[in-house]
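Hi there,

Here is the structure I promised to pass on to you. Please open it next to this email and look up each residue as you read.

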Amino acid sequence: MKDNPDDAGTRNEIRGGAGAVVQAGAVHGDVHITASAPTPVDGSPPRQLPMAVTGFVNRRAEIARLDGLLSSPEGGSTGEGDTAVVVSAIGGAPGIGKTALALHWAHRVRSRYPDGDLYVNLRGHGPGPRLDTSEALGSLLQALGVPPGGIPLDLDGRAALYRSRLDHRRMLILIDDAVSAEQVRPLLPASPGCLVLVTSRSTLSGLVAREGARRMTLDTLSTDEALALLRSTVGARRIDAEPEAARDLVAHCARLPLALRILAERLIDRPDASLGDMVADLAAEDRRLDALGTADDELSDVRAVFSASYAALPAEAARLFRCLGLHPGTDFGAAACAASAGLSVREALPLLDRLTAASLLQRVGHDRYRLHDLLRLYAVERFRTDEPPGKDVEVLRLLVRWYLTTARNAVRAMTPNFRLVGVPDGGARTEPIAFDTTDAALTWFEQERANLVGSVRAALDHRLHDLAWRLPTTVCPLFELHRHWHEWRRLNQWGLDAARALDHRHGQARNLLGLADAEWLLGNADTALEHYEAALAASRDVGDGWIEGFALRQLGAIRLERGDIDGDGARALILRGIDAFRRAGERRGEGMALLSLAECERTAGRFDDGLAYCRTAIGIFTEVADTWSVAWGRCSSAAVLNSAHRYAEALEEYRAAIAVFRDIDDRDSEAVALTGMGQAHAAMGDPDRARTHLGAALDILTSVDDPRADDVEALIARLP
């Protein structure tokens, strides 16, 4: 019943169920209708826990943590010497299995609480209206035997009576689907003999800070755990009969327990369907959430469960969530999140906090986040529904441009003399990250490497060709240093495709050069030769001496590998490269070509000339303050000294080079230097030291399946 709005002094109230109904034409004064309280026939304690999830598996670590809440072998807090109620807040993403875990564990331990167990679902995100705290207290007080007429009308009065009723009792209380600490706080007893479990998509930070709640955040299952869940529900024989298809199904469900249980129900309903058929049903991303829904049950519908959390977000947080769905990676930094939404990092951080608090985003490190696959699909759905057409291109342009500008800073920190391409116009509010040290740049690169690859692919797919050709040519030194050569080759192929789509000759030349370098390092000399020649032709079309010089130098390196040194061979090509570098004013390129020339002289036995070229190159590198290139120059000089039988001098050069390579974690160059040191010690008659250095080189090379490991093994085998 509702109050008469024209009579502020009249109140009509119903306490309890409306078992009696009064109908009157006119009533003056208050009306109170009170239903009788349900009285247990046998006086048994309340046992309100709903049925536990059948076939519950996994979560061993989480169950062990919950078991740790019990302070005595008999179970639960004893009430003797305890000073506080034990509260555990179980959080996590929608559908992650919070309620299933809480109910499973509560049923395991409910016998330890002789005064009963209480359950209330606050319906924070479920179907139907949200249960407010006062209503929840009314329900709990009735379960504790308080007649409806004895339940106070105000929240404080109800909370006080609730605490009184629980005093000196040992009870287990499960508060399900809470929204906030404020909603839960009045439902907490004061008796230390009680234990409270709270499930929520929110982090409930207030309960942790003030009430000392033990917070537990659930993650998705591992692949093995997800397979175990399917075996327990569908049957081991059916799952194990198609192991690869079963793994594909687990991946399509993002290892989310709710999705896996919906999938299991579909498999049970279709006993004749193969797992492969179900994989085909789930393969299309734009239909996957449809396949993981149940039309007649919102609680068993992945999309509906996500929607409840999304609907509660403020507008700016919801917009950021939608934009993150377009990010091509699985985890990303705060600055990248901000860039996708066109925000500054300062503006984005509180929105990211809101998303993590709502368990729509997972924080996986300092200012680093992850969006699991099904939530990503939902975010993309919301983007397509809530954003205007074409907005996805704008979001990706902001994001890829930010990656390009930040990658430029990382490359500058590592190889300051590398020739960078420009950045297209289109400023954003997100500042690129600056790097003070090489270590910081390389750490960022390894964190973002998959995102850099994904960004190039996304830019190409969305016809952002001007960004798609520039990013691969910018990041190639980072991919080369840490031997990510296959990815490097793929990036430059995409970059070449983008440049060709624009008919951008300079973009083609840069990507052809990078593609050739990757093929050469991968041992595909013939393919590399074709790309170097194409890069050389394109460089002359656009008058780029930097590209021309490196293409000529590398063509000379291939000729040198094939034993073609003099005449029109390696030496002539490298000299032409040096001339191109000098015309372009490219000092570092000139130095690198001089080292290639030194290798020609070493191979031909002209050691003095080789050392002279090395010294000139090192002088250039020192002049342009390129530490890595100085180290590589000393490594090249050491190789010439080794060939000239000046082993002690060679060892000094190798040691100096290795110190730099280790400082920047250049394992490939370190292996080259260690091999040279081993050869020097072997030639000096010191097989033990030779074995030590060659063994260290072998460890590095075998760790990355480098074919040069066979050569080092042969050197070790020849040692006495």
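Below is what I found, starting with one helix and moving on to some salt bridges. Please keep in mind that this is a predicted model.

**A helix to start with**

Find α26, which runs over residues 587-603. This helix has 17 residues, and from its first C-alpha to its last it reaches 25 Å. That is close to the 24 Å expected at 1.5 Å a residue. Is α26 largely enclosed by the rest of the structure, or largely open? Of its 17 residues, 13 are buried, so the rest of the structure largely encloses this helix.

Now look at the two ends. At the N-terminal end, Glu 586 acts as a cap: one of its side-chain oxygens lies 3.4 Å from the backbone nitrogen of Arg 588. After the helix comes Gly 605, which has a positive phi, near 85 degrees.

**Arg 588 again**

Arg 588 is also part of a salt bridge, and its partner is Asp 626. The closest N and O atoms of this pair are 3.1 Å apart. Where do the two residues sit? Arg 588 belongs to helix α26, whereas Asp 626 is in the loop between α27 (607-623) and α28 (627-643). With their positions 38 residues apart in sequence, the pair links distant parts of the chain. Both Asp 626 and Arg 588 are buried.

**More salt bridges**

How many salt bridges does a search of the whole structure find? The number is 51. Here are a few to look at:

- Glu 448 and Arg 368 meet through their side chains, at 2.9 Å from N to O. Glu 448 lies in helix α19 (residues 438-461) and Arg 368 in strand β10 (residues 368-370), so this pair ties together parts that are 80 residues apart in sequence. Glu 448 is buried, with a relative accessible area of 2%, and Arg 368 also counts as buried, at 9%.
- Arg 540 and Glu 548 form a salt bridge as well, at 3.4 Å from N to O. Here Arg 540 is partly exposed, with 43% relative accessibility, while Glu 548 is buried, at 11%.

A good place to begin is α26: find Glu 586 at its N-terminal end, then follow Arg 588 across to Asp 626.

Enjoy exploring, and write back with any questions!

Best wishes

Definitions and conventions. Residues numbered from 1 in each chain as written. Predicted model: local features only at pLDDT ≥ 70, side-chain atom pairs only at ≥ 80, totals over all residues. Heavy atoms only, no water. Helix = DSSP H or I, 4+ residues; strand = E, 2+ residues; numbered from the N terminus. Expected span 1.5 Å × (residues − 1). Buried < 20%, exposed > 50% of the residue type's maximum accessible area, 1.4 Å probe, protein only. Polar contact = N/O pair within 3.5 Å; in protein donor to acceptor, adjacent residues only side chain to side chain. Salt bridge = Lys/Arg side-chain N within 4 Å of Asp/Glu carboxyl O.
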